[in-house]
Structure formats: C-alpha cells, structure tokens
Amino acid sequence: MVFSRRGGLGAQDLLLSLLLLATWEVGSGQLHYSIPEEAKHGTFVGRIAQDLGLELAELVPRLFRVASKTHGDLLEVNLQNGILFVNSRIDREELCGRSAECSIHLEVIVDRPLQVFHVEVKVKDINDNPPVFRGREQIIFIPESRLLDSRFPIEGAADADIGVNALLAYTLSPSDYFSLDVQASDELSKSLWLELRKSLDREETPELRLLLTATDGGKPELQGTVELLITVLDVNDNAPLFDQAVYRVHLLETTANGTLVTTLNASDADEGVNGEVVFSFDSAISRDIQEKFKVDSSSGEIRLIDKLDYEETKSYEIQVKAVDKGSPPMSNHCKVLVKVLDVNDNAPELAVTSLYLPIREDAPLSTVIALITVSDRDSGANGQVTCSLMPHVPFKLVSTFKNYYSLVLDSALDRESLSVFELVVTARDGGSPSLWATASVSVEVADVNDNAPAFAQPEYTVFVKENNPPGCHIFTVSARDADAQENALVSYSLVERRVGERALSSYVSVHAESGKVYALQPLDHEELELLQFQVSACDAGVPPLGSNVTLQVFVLDENDNAPALLAPRVGGTSGAVSELVPRLVGAGHVVAKVRAVDADSGYNAWLSYELQPAAGGARMPFRVGLYTGEISTTRVLDEADLSRYRLLVLVKDHGEPALTATATVLVTLVESGQAPKASSRASVGVTGPEAALVDVNVYLIIAICAVSSLLVLTLLLYTALRCSAPPTEGACAPGKPTLVCSSAVGSWSNSQQRRQKVCSSEGPPKTDLMAFSPGLPPSLNPSERNEQPEANLELSGNVSPTFEFWL
C-alpha cells in the first residue's frame with residue numbers, strides 16, 4: 001500500500017492493499033499476513049480467529065490472547081469478531097531500519113486446552129521518507145586550470161525507505177559548465193560526479209550555484225535538493241588519484257584493536273607541496289565509523305580502534321579523502337568497504353514470561369505455568385539453540401515452535417510438602433565451542449483461603465478521658481490469619497450501627513491496614529458513658545473470610561463543668577436571694593440555703609461552700625455550711641448589728657483544677673413583729689430536712705445491705721476479668737481509675753444525669769452511702785460534722801441522688 005505525503009490513497013492501490021492484507025497461509029503452525037507501514041488505527045489485517053479455525057464464541061472463555069516479545073502493542077485482536085487490526089502507529093524504518101525484510105512476530109495463545117499459534121505480519125514499506133542531503137549546501141573548490149571532462153565528486157542523498165522507494169535519481173539544474181555523472185553499483189550506493197564541460201575562467205566567473213535534485217522511485221515521488229556552491233580557484237590543477245576506487249576488506253568481529261585494515265595509495269601529478277597528499281575521513285562520515293576506525297594522514301593506513309560486533313553492524317562503508325597541500329588544495333575520494341564476519345561470541349538469551357504464578361496446589365496436569373523464549377544473536381549454527389530443564393519433576397518443557405517453549409505441570413503438587421520450586425532452564429547454542437545461558441524460575445505453590453482472621457480475645461475494654469482531641473488513637477485491634485499471601489492480608493472495618501440518633505462512624509473510625517481505632521470527635525462523659533461496638537477483620541481471599549471483635553469504650557469524666565446555681569426563689573433581684581431575718585434570733589438560726597448542681601460526676605461534682613469575707617475585713621454574724629450550703633447565724637443578733645448584709649457565697653467543686661460559681665444572698669434584719677412569715681419559713685427549712693432524714697435512714701439501711709452484696713459479687717467478677725484481659729493501649733487511654741470510697745463527711749453531686757454507680761471500701765461502716773468523699777479537712781469542727789446527715793440527704797430541686805458504682 002502506498003501513501004502520498006499528503007495522506008491520499010488511490011482507489012486501485014486501496015483495493016490492491018486490501019487483497020494483500022487478506023492473504024494468509026498456514027504452514028508449520030504459522031500464519032502470514034502483510035500490511036503497509038503507517039496504517040491507521042483499526043486497519044484490518046486478517047481474520048485471525050477464522051484462519052486459525054476458532055469459533056468466535058470460544059475466544060473469551062478460552063482466554064484467547066496475543067503476545068509479542070518486543071512489539072506487543074502494535075497489533076491487537078478484536079475478541080468480538082476475531083479480526084486482527086492495527087492498534088498503534090507502525091513505522092517500518094523505526095522497526096527494522098534499512099533491513100529488506102521487516103516482520104512482526106506474534107504468538108497466539110489459547111487455553112483450555114492449551115494451543116499456541118505463531119503469526120508473522122510483514123510490514124511493507126511505503127514511500128513516506130523523502131531523499132535527504134546532509135546539508136543545505138555543498139561547497140566545491142575547482143581550479144580554473146582543470147581540463148575539460150574533469151570530474152569532481154559530490155555527496156548524494158540518503159532515503160530511509162527501501163527498495164523502489166529508496167531508488168534515487170539525480171538531476172542537475174541547467175548549466176553550461178557542468179553535467180552530472182552518476183555511477184551505480186549492486187553493493188554500493190550511487191556515486192555522483194560533476195563533469196566539466198566548459199573551461200572555467202575565474203576572472204570571468206568566480207562562482208557558480210547549481211541545484212542538485214534527488215527523486216526517489218516511490219508513488220508518488222518525493223524529492224530532496226541541495227545547492228552546490230562552486231568556487232573557481234587558481235594554480236593547483238592536479239588532484240590526488242587513488243590506485244583503487246573501492247578497497248574491499250573482510251574482518252572477523254573478534255579482530256583486536258590496532259589491527260591494520262588496509263593501506264590507501266594515492267598519487268598527485270603535481271610537484272613539491274602541491275603533490276604532497278594528506279589522507280582523512282570525509283567530513284560527512286558517521287560518528288560510528290569515526291569511533292571504530294582511524295586513518296594515518298601521511299601513510300594512508302586505516303586501523304581498527306574499537307571492537308566490532310557482527311550482530312550490531314555487518315558492514316562499514318568508509319569514504320576517504322585525499323587532499324594535496326597546494327594552494328588552493330585539491331582532493332579526491334575513494335571508498336573502503338569493510339565486511340564483518342560472524343563468530344560464536346553471543347550466548348543464548350532466555351526470556352521467561354509468567355502466565356500462571358503462583359500455581360494452586362489443586363491445579364490440573366498440563367497446566368501452562370510460563371512461556372520461555374530463547375534467542376541467539378549469532379547466525380548459522382552459532383545461533384541454533386536447544387533448551388533443557390533441571391530438575392524435571394513435577395514440571396517439563398514442551399516445545400511449541402522454533403525457540404518457543406512452554407513450562408507445564410507434569411505431576412500433582414502438594415504445598416504442604418514443598419511450597420516453592422526453584423527450576424533452572426538451560427539454553428545451549430550449536431557453536432564450537434558452544435555457549436549457554438541459564439534462567440531461574442521460581443514456582444510458588446499457592447494455598448486456598450480456608451482460615452478466617454482470629455482475634456486474641458473476643459472483647460476488649462478501653463478507657464478514654466472525655467474531651468479527647470479529634471482523631472485521637474484510643475486502641476489497636478489485631479487479628480492473625482493462618483493462610484498465606486493475600487489470603488492472610490487482613491483489613492479492618494467498623495460494623496456500622498446507630499448510636500442514638502447518630503451513626504457509629506461519626507464517633508470512631510478504624511484504619512483498614514493497621515487496625516488502629518481513632519475517636520473522630522471529642523467524647524462527652526455527660527452525654528455518653530459507654531460506647532460499645534464491633535470491629536470486623538476480613539482477609540483478601542476469594543471468597544473472603546472474616547470475624548468480629550467487640551470493643552467497650554468507657555468515657556471517663558473530667559472537670560469540664562462549673563457548678564451551676566439553681567434559680568433563686570421568688571423575690572430575688574438581679575440573681576440574688578433576699579431573706580428577712582428577725583433581730584435577736586439565736587445562734588445556729590438558718591437564714592437561707594444556697595443550692596447548686598454540677599453536671600460532672602465523682603470528685604468533679606462534689607461541691608463545697610465558702611462565705612467570702614466582708615469588705616473592709618468586718619466580721620459578719622453568719623456562716624455557711626461547708627457541704628450543705630446553709631447560711632446560719634454564728635451568734636445571737638442584737639440591735640447593734642447592721643440592718644442589711646450582703647453575703648457572697650463561693651461554690652467550688654473538687655476537680656483539678658477546681659471550678660467555681662458565686663451566689664449573692666441579701667439578708668435584711670427586721671423587728672420580730674415585722675417578719676412572721678420569714679420566721680415560719682426558716683423554721684420549716686430546719687425541721688423539714690430533719691423529718692426527711694428519719695424517713696430516708698430506713699431506706700438507706702436497706703440500700704446499703706443490697707449494695708454490699710452486689711459489691712462483693714462485682715469485685716469477684718472484676719478480679720476474674722482483669723486477670724484475663726490484656727492491658728489496653730492507645731494514646732488517649734488513661735490508667736486504672738482511682739477507687740473512691742464513702743466517708744463520714746461529703747456531699748452527693750447534684751448531677752442532672754441519673755446514673756447507678758457504687759463505690760465500696762474496706763473501712764468501718766458509715767452512716768451514709770456517698771459517691772465520693774475526701775478526707776476531713778483540718779478545719780472541720782464538730783458542729784459542721786453534725787450537719788453532715790442533712791447535707792448528705794438534702795437535694796436541691798427535683799434532682800435525684802446519684803449512686804456511683806466504681807470498681
């Protein structure tokens with residue numbers, strides 16, 4: 001198929017090309033097709049499935065595929081219709097250079113059962129490369145004294161195409177002085193000469209410009225041009241002459257460096273300096289020749305200066321120039337043709353292509369494991385290669401085509417006996433002495449996925465402080481899989497569920513590879529005390545196997561809530577409580593009570609009350625219960641006391657650091673007859689709790705007995721669990737929680753959450769059951785101790801008491 005430079009295609013040429021593309025033959029298990037280079041993507045090459053006798057419906061189930069050692073992406077097969085088509089650009093010059101024969105060798109493999117076919121697609125040259133000269137201009141110096149019919153060598157063009165497309169014809173622009181002489185040879189490229197037809201006169205015509213055009217033989221024709229700049233010189237009128245136009249030499253590719261290739265002989269009819277000849281390579285000679293050979297400028301000896309390689313270059317065409325020392329100098333050219341002879345200097349090469357590795361231990365016999373291709377760059381017997389395998393059991397080599405072998409299973413496998421086979425494939429050529437090469441093939445026997453990932457224990461307990469930073473690492477789960485390779489590759493994921501109104505994945509996440517569990521947001525003990533969820537471990541086998549583990553995440557409290565004062569009673573102003581107290585009341589009279597709650601738990605919710613000193617350091621006749629918040633008189637009031645007191649009560653929890661709140665109580669002293677209601681109300685405030693204490697004590701005794709029994713059982717269970725559970729880990733995981741026990745003093749936290757927790761100790765029995773109690777402060781006097789039962793039982797508002805169980 002021939003394409004013009006503009007990409008046009010004649011109708012007759014297209015029909016001829018399609019007929020050529022449809023041509024195929026079957027011989028010795030090989031198909032032959034042909035296709036022109038530069039064919040467009042999708043160009044039809046041949047109905048390969050039909051030509052191989054395969055049904056279209058069998059292509060996919062039988063794993064029909066095409067493989068090529070070096071050019072696998074140039075051609076492709078449509079599995080729907082079985083047509084071989086051009087997949088990417090094919091450039092014959094890039095693929096094969098100037099080789100006359102250019103083919104793409106494909107290997108067609110069909111499994112179930114295994115069949116291997118060989119396809120050769122010949123790439124035909126099209127005229128897509130114009131003739132190219134080395135430069136845009138050639139400068140030629142010609143003395144005016146040269147005789148008619150004198151010839152002057154000029155450089156021709158090169159065409160990357162082959163055959164007719166590279167057959168060049170030269171034309172010279174019309175000139176009265178010169179004509180073009182072209183000499184052709186079967187082995188050498190065309191030699192071009194300018195022949196003088198008219199005597200030159202430098203004074204009349206010092207310079208001539210001619211246009212040399214090279215036209216190839218393709219359809220359509222392509223051309224290249226070069227301008228010949230002829231400078232007419234004086235004086236030296238005889239150029240050196242070689243005794244041979246062509247020197248032919250044969251060298252073995254193992255010829256040592258420094259070996260004499262040939263000696264050039266050129267003579268000059270001039271005398272003196274004009275007859276002295278200097279030899280050199282032509283300026284247009286390739287860099288490869290300059291690296292392989294050198295010429296002695298005076299003797300004309302050409303010597304080898306680098307190693308030859310028959311497989312790389314089979315011949316060298318060297319153009320040598322002889323220049324005399326005249327002024328201006330004159331020159332002549334000759335050619336040295338060096339042919340390289342092959343020796344057995346290349347060992348065979350093996351290429352192993354794995355197809356079915358690792359192989360399952362239950363694979364059937366004759367399963368193809370790998371394809372092995374052998375080659376030898378030498379020629380003749382030096383390039384004939386045979387292949388062998390050691391050891392043979394349980395595999396063997398099957399020859400599918402010349403220099404193509406398949407490694408197949410020859411007997412049953414047992415992974416438990418041996419999981420990896422180390423095979424050695426040896427390729428040996430037919431040279432003398434012969435050369436060989438080996439390739440190691442490691443065949444791994446694969447297991448089946450019959451083991452699920454397993455955790456060390458079915459459940460883990462994790463403790464995390466609240467207000468953790470987002471993305472905090474709290475725990476790491478780890479599962480082990482007894483299988484191998486991907487069957488033992490474990491990935492982790494959450495078992496999604498709802499936690500209240502939100503998804504579990506909004507609270508925690510697990511890293512798929514490491515099993516690290518992260519808290520995605522700060523946890524709030526007041527909102528969520530226990531987060532229980534499952535993590536799934538799944539292997540990468542087919543089909544995959546998995547198992548789950550349960551994580552119980554306990555959120556531990558921190559002191560992040562300050563005490564909150566309950567709303568003042570009716571009559572208060574600006575958040576302050578106003579109380580009317582009759583004068584002349586006795587010591588211990590309850591004036592008012594400050595009520596506060598704390599959303600935290602434990603010590604963080606245990607509140608104490610302090611009365612701030614009055615301005616100026618004046619003593620006030622009032623005090624506040626350390627844990628009750630009751631404001632009472634310290635002495636008998638009399639007429640000398642102020643009529644109005646502003647009391648500032650500081651409410652503080654026992655967290656680290658402690659948080660506080662401030663309550664203001666306005667106490668107004670009135671005459672006894674002016675505040676009967678206030679006195680009545682104060683009286684109720686004193687007797688009410690005392691009556692309630694009597695009723696509650698009975699229930700407390702019953703509760704203590706029940707809790708004591710439950711505590712003993714809980715301690716036994718806890719001891720058993722702690723002995724069997726491994727230590728938890730995580731960047732945010734705290735240590736063991738501190739055991740907090742009841743005491744004779746203390747205060748239940750007025751928490752707005754209802755929790756059921758227990759704390760026990762081995763101390764003497766107490767009259768109260770309390771969540772937390774510190775040691776008695778040194779300043780606690782007996783009167784304050786007597787206030788504790790009331791302090792422990794009285795709760796502000798409608799808040800229920802909180803029993804906390806701590807282990």
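User: I'm new to this structure. What is the relative accessible area of Arg-65, and how do I read it?

Analyst: A residue counts as buried under 20% relative accessible area, as exposed over 50%, and as partly exposed in between. Arg-65 has a relative accessible area of 26%, so it is partly exposed. Please keep in mind that this is a predicted model.

User: With which side chain does Arg-65 meet in a salt bridge?

Analyst: To call a pair a salt bridge, look for a side-chain nitrogen of Lys or Arg within 4 Å of a carboxyl oxygen of Asp or Glu. Here the partner of Arg-65 is Asp-111, with 3.1 Å from N to O. Arg-65 sits in strand β4 (residues 65–67) and Asp-111 in the loop between β7 (103–110) and β8 (115–124), so the salt bridge ties together parts 46 residues apart in sequence. Asp-111 has a relative accessible area of 15%, so this residue counts as buried.

User: How many salt bridges does the structure hold?

Analyst: There are 25 of them. One of these joins Glu-610 to Lys-652, with their closest N and O atoms 3.5 Å apart. Glu-610 belongs to strand β48 (residues 607–611) and Lys-652 to strand β51 (residues 644–653), so this pair links parts that are 42 residues apart in sequence. Glu-610 is partly exposed at 31%, and Lys-652 is partly exposed at 27%. Salt bridges can also share partners: Glu-38, Arg-89, Asp-91 and Glu-94 are joined into one network in this way.

User: Where does Glu-93 lie, and what does its side chain contact?

Analyst: Glu-93 is in helix α3 (residues 92–96). With 14% relative accessibility, Glu-93 counts as buried. Its side chain meets that of Arg-92 in a salt bridge, at 3.2 Å from N to O, and Arg-92 is buried too. The side chain of Glu-93 also makes a polar contact of 3.4 Å with the side chain of Asn-129. Setting aside residues up to four places away in sequence, Glu-93 touches several others, among them Glu-37, Asp-125 and Ala-160.

User: And Glu-195: which strand is its place in?

Analyst: That one is in strand β13 (residues 191–196). It counts as buried, because its relative accessibility is 13%. A polar contact of 3.3 Å joins the side chains of Glu-195 and Arg-197. Beyond four places in sequence, Glu-195 touches residues including Arg-151, Tyr-177 and Phe-178.

User: Let's turn to strands. Which side chains along β20 point to one face, and which to the other?

Analyst: The general idea is that side chains in a regular strand alternate between the two faces of the sheet. In strand β20 (residues 277–281), Val-277, Phe-279 and Phe-281 point to one face and are buried. Val-278 and Ser-280 point to the other face and are not buried.

User: In what sense do β20 and β23 pair?

Analyst: β20 and strand β23 (residues 315–324) are antiparallel, with five bridges between them. As an example, Ser-280 has Lys-321 in β23 as its bridge partner. Next, follow β23 into β24: these two form a hairpin with six residues between them. They run antiparallel and are joined by nine bridges, and Glu-317 stands opposite Leu-337 of β24.

User: How many residues of strand β24 are buried?

Analyst: Eight of the eleven residues in β24 (residues 331–341) are buried, so the strand is largely enclosed by the rest of the structure. β24 also pairs with strand β17 (residues 246–252), here in the parallel sense, over seven bridges. In that pairing, Arg-248 has Leu-337 as its bridge partner.

User: How do I read a loop residue, and which loop is Asn-451 found in?

Analyst: First find the flanking elements, then look at the contacts. Asn-451 lies between β32 (436–446) and β33 (454–455). Its 28% relative accessibility makes it partly exposed. The side chain of Asn-451 makes a polar contact of 2.8 Å with that of Asp-483. The C-alpha atoms of Asn-451 and Gly-546 are 8.8 Å apart, although the two residues are 95 apart along the chain.

User: Last one: which residues form a nonpolar patch on the surface?

Analyst: Leu-710, Leu-713 and Leu-717 do, with about 280 Å² of accessible area together. Leu-713 is part of helix α5 (residues 676–724) and is partly exposed at 49% relative accessibility. For the wider view, the chain has seven helices and 54 strands, and 44% of its 807 residues are buried.

Terms used
Residues are numbered from 1 along each chain as its sequence is written. This is a predicted model: local features need pLDDT of at least 70, side-chain atom pairs count only at pLDDT 80 or more; totals for chains, interfaces and linings use all residues. Side-chain values use heavy atoms; hydrogens and water are left out. Patches are made of residues with over 30% relative accessible area and no salt bridge: like charges are joined within 9 Å, nonpolar side chains (Val, Leu, Ile, Met, Phe, Trp, Tyr) within 5 Å. Accessible areas come from the Shrake-Rupley method with a 1.4 Å probe; for residues, only the protein chains shown count as cover. Helices (H or I, at least four residues) and strands (E, at least two) are DSSP runs, numbered from the N terminus. Buried means under 20% relative accessible area, exposed over 50%, partly exposed in between (1.4 Å probe, protein chains only). A polar contact is a pair of N or O atoms within 3.5 Å; within protein, one must be able to donate a hydrogen and the other to accept it, and residues adjacent in sequence count only if both atoms are side-chain atoms. Contact means heavy atoms within 4.5 Å. Two strands pair if DSSP finds at least two bridges between them.
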